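Let's take a walk through this protein chain, one spot at a time. Have a look at the model below before reading on.

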Amino acid sequence: MSRQNNTSYERPEPIDGRKLKILFLCTGNTCRSQMAEGLARHLKSDIVAPYSAGVDPGKMNPRAVKSMAEIGIDISGGFPKTIESLGGIAFEYVITLCDHANESCPLFPGKTKRLHWGFEDPPKLAENASTEEEAMGHYRRVRDEIRAFVEKLPNVLND
């Protein structure tokens, strides 16, 4: 996992008691960003309003859905979205979760802080798996790494 911090050292807090609007961005919005949105919605809904999108959306990854269901989080109703489809939401943070999204991330207006917190790509890791269980192991590991990151929100945003 790699990370690139912003330069502000203020503790991220919702403004006027509102939830922090965080966009998790990946290439396809089919796996990692969907996991992050689902985990943030499940674990941090009291302080975070999570969204996810992709720079080039694909199809929802069934193994991502399965790995999340294993921990009691249903993301089966999710669907890959473009940034544009989210309208004019003023995000406090945009967090890229893969290198391609980090390199392709558009500029966001206003006070949006852009961070990169990279996680390995489960579909890529699972390409050469000899069994379904081995493939799912990659999804579970990355899911758990994303969960550890989400559990530290919002404080981790300025570490």
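T30 counts as buried because its relative accessibility is 17%, under the 20% cut-off. Keep in mind that this is a predicted model. You'll find T30 in the loop between β2 (20-26) and α1 (32-44). Which residues does T30 touch, once you leave aside its neighbours within four places in sequence? They are G58, K59, M60, N61, A64 and P80.

Stay in that loop for a moment, since N29 also sits between β2 and α1. N29 is buried too, and its relative accessible area is 0%. Its backbone has a quirk: phi of N29 is near 55°, a positive value in a residue that isn't glycine.

**The whole chain**

Now zoom out. The chain has five helices and five strands. Going along the sequence, they come in the pattern β-β-α-β-α-β-α-β-α-α. The chain has 159 residues, and 47% of them count as buried. If you take the contacts with a separation of 6 or more, 73% of them are between residues 24 or more positions apart.

**The strands**

How do the strands line up? β2 and β3 pair in the parallel sense, with seven bridges. β2 is also joined to β4, again running parallel, by four bridges. β4 in turn runs parallel to β5, and four bridges join them. Here is one matched pair of residues from each pairing:

| Strands | Residue | Partner |
|---|---|---|
| β2 and β3 | C26 | G54 in β3 |
| β2 and β4 | I22 | Y93 in β4 |
| β4 and β5 | T96 | H116 in β5 |

Strand β3 (residues 48-54) is mostly covered, with six of its seven residues buried. In β4, Y93 and I95 point one way while V94 and T96 point the other way, and all of them are buried.

Helices link some of these strands. β2, α1 and β3 form a right-handed β-α-β unit. Another right-handed β-α-β unit is made by β4, helix α3 (residues 99-104) and β5.

**Helix α5 and a partner from the loop**

Next up is helix α5 (residues 132-151). What end-to-end span should you expect for its 20 residues? At 1.5 Å a residue it should be 28 Å, and the end C-alpha atoms are 28 Å apart, so the two agree. Several residues of α5 are buried, including A135, M136, Y139, I146 and F149. What covers the buried residues of α5? The cover includes β2, α1, α2 (62-69), β4 (93-96), β5 (113-118) and α4 (122-126).

E70 meets this helix from elsewhere in the chain. E70 lies in the loop between α2 and β4. It is partly exposed, because its relative accessible area is 38%, which falls between the 20% and 50% cut-offs. E70 and R140 are 70 residues apart along the chain, yet their C-alpha atoms are separated by 9.0 Å. Not counting residues up to four places away in sequence, E70 touches M136, R140 and R143. The side chains of E70 and R143 are also joined by a polar contact of 3.5 Å.

Past this helix comes another backbone detail. P154 is in the segment after α5. The peptide bond that joins L153 and P154 is cis, with omega at about 0°.

**The cysteines**

Finally, what about disulfides? A disulfide is a covalent bond between the sulfur atoms of two cysteines. With a cut-off of 2.5 Å between the sulfur atoms, the count comes to zero disulfides. Take C31: the nearest cysteine sulfur is that of C26, 7.7 Å away, and C31 is in no disulfide. C98 is in no disulfide either, and the nearest cysteine sulfur, again that of C26, is 4.1 Å away.

Are C31 and C98 buried or exposed? C31 counts as buried, since its relative accessibility is 4%. C98 is buried as well, because its relative accessible area is 5%.

Terms used:
Residues are numbered from 1 along each chain as its sequence is written. This is a predicted model: local features need pLDDT of at least 70, side-chain atom pairs count only at pLDDT 80 or more; totals for chains, interfaces and linings use all residues. Side-chain values use heavy atoms; hydrogens and water are left out. Buried means under 20% relative accessible area, exposed over 50%, partly exposed in between (1.4 Å probe, protein chains only). Helices (H or I, at least four residues) and strands (E, at least two) are DSSP runs, numbered from the N terminus. Contact means heavy atoms within 4.5 Å. The expected span of a helix is 1.5 Å times one less than its number of residues. A polar contact is a pair of N or O atoms within 3.5 Å; within protein, one must be able to donate a hydrogen and the other to accept it, and residues adjacent in sequence count only if both atoms are side-chain atoms. Two strands pair if DSSP finds at least two bridges between them. A crossover is right-handed if, with the strands pointing away from the viewer, the path from the first strand over the helix to the second runs clockwise.
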